[in-house]
Amino acid sequence: MATNNDVTVIIDIQKPTPRLGFGKPLILGASTAGKPYKNYADIDAVKSDYAASTEEYKAALAIFSQGDNAPAEIAIYSRKTGATPEVLSDALAALMLLDWYFLISTSAASADVLVIGDAVELNGTRQFFSRSDSKTDLAIYKAKKWTRTTVGYHPTITNYPEAAWIGETGSAPVGSVTWKFKTLTGISPVNLNATELNEIHGLAANTYVTKAGDDVTSEGKVVSGEYIDIIHAKDYVISTIQFAVQKLLNKSPKISYDYNGIAQLESVVKTELQRAFNQGIIAADADGIGLYSTNFKSRSDVDAADRAARTYNDGSFIFELAGAIHQTTIRGTIKL
């Protein structure tokens, strides 16, 4: 995520718009002595470092309990709280340099959630999932209008419903799933009537309910109201295009500042957009063709100062998000 690149990709989301290593969770814990950042492939490996009674283990168990949908790897970091404790903001700054995408905190205390939510928002490349059993706290989080923090409401937060949600959904190919309608192993549904559910949604939170006999996540939105999968898709497209163009620059003897060189840049971007279409990020037209396009200015249309500086800033692309259907109204007629 945090790398030195010669490539910058910027995406603006314009409204309305009709398992690739991008779902790795990090569990941020805390203990007297602390423990370093470490990767784990299964719950048995976690247990070798964290006893079943620890919060880190409980969060990991919620992730790995989701069966085949669980990620191939998670990371855990335990912040030191004993002598010379590590400040939470300092720990987050260091962790932002490491390899993960979804953040889960063992602490659901509002003071910690606020620090983490602000840090993830400022970083702009990850997502934070938290849990709460307090409507008062939900109101506080809603006021933050975070675009990269998702909060799940549940009366029981000790078994990490948000970690189960990431375990069930986060490692699917980006664009292939919506975060609504997900069934979470080990999590009990919340008994809410329609008014109570609307209240939770009005507080910018998601919850876990029973619909048509199935236990499912009630929505799939971040605190700002944007959909989780849109934020995920945006990050994925930025990352893959940056990586692909950087690879082109690294491996080519020279990318000429002419028609051929610019065409190479554009071709790489088109390849990644087609990949995003294949995964379900980009919508299809009536003929099944991806709704995306690119526009890379020719050498003659580029500012001479940019050419002298060997900087090309005149490539752009646009695409329409596929999104997902979360509600539907179907009308019928009965004839006698």
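How many salt bridges does a search of the whole structure find? The search finds 11 salt bridges, and I should say at once that we are looking at a predicted model. I will take a few of these pairs, and then turn to a strand and to one residue.

Let me start with K24 and D99, whose side chains meet in a salt bridge with an N to O distance of 3.6 Å. This pair links distant parts of the chain, since K24 sits in the segment before strand 1 while D99 sits in the loop between helix 3 and strand 4, 75 residues apart. K24 counts as buried because its relative accessibility is 8%, which is under the 20% cut-off, whereas D99, with a relative accessible area of 44%, is partly exposed.

In the second pair, the side chains of D49 and K38 meet in a salt bridge at 2.8 Å, N to O. Here too distant parts of the chain are linked, with D49 in the loop between helix 1 and helix 2, and K38 in strand 2, 11 residues apart. D49 is partly exposed at 24% relative accessibility, and K38 is partly exposed at 37%.

The third pair is K58 and E55, where the closest N and O atoms of the salt bridge are 3.1 Å apart. Both residues lie in helix 2, 3 residues apart, which is about one turn of the helix. K58 is partly exposed with a relative accessible area of 30%, and E55 is partly exposed with 31%. Going back to K24 and D99, these two are joined with E73 into one network by salt bridges that share partners.

Now to strand 6, residues 149-153. Is this strand enclosed or open? 5 of its 5 residues are buried, so strand 6 is largely enclosed by the rest of the structure. In a regular strand, side chains alternate between the two faces of the sheet. In strand 6, T149, V151 and Y153 point one way, while T150 and G152 point the other way. Strand 6 runs parallel to strand 5, and 5 bridges join the two; among the partners, S130 is bridged to V151. Between these strands the chain crosses through helix 5, residues 135-144, and this β-α-β crossover is right-handed.

Finally, let us look at P25, which lies in strand 1, residues 25-31. P25 counts as buried because its relative accessibility is 0%. Leaving aside neighbours within four places in sequence, the residues in contact with P25 include I63, P71, E73, F102 and I166; E73 is also a member of the salt-bridge network with K24 and D99.

Notes: Residues are numbered from 1 along each chain as its sequence is written. This is a predicted model: local features need pLDDT of at least 70, side-chain atom pairs count only at pLDDT 80 or more; totals for chains, interfaces and linings use all residues. Side-chain values use heavy atoms; hydrogens and water are left out. Helices (H or I, at least four residues) and strands (E, at least two) are DSSP runs, numbered from the N terminus. Buried means under 20% relative accessible area, exposed over 50%, partly exposed in between (1.4 Å probe, protein chains only). Contact means heavy atoms within 4.5 Å. Two strands pair if DSSP finds at least two bridges between them. A crossover is right-handed if, with the strands pointing away from the viewer, the path from the first strand over the helix to the second runs clockwise. A salt bridge is a side-chain nitrogen of Lys or Arg within 4 Å of a carboxyl oxygen of Asp or Glu.
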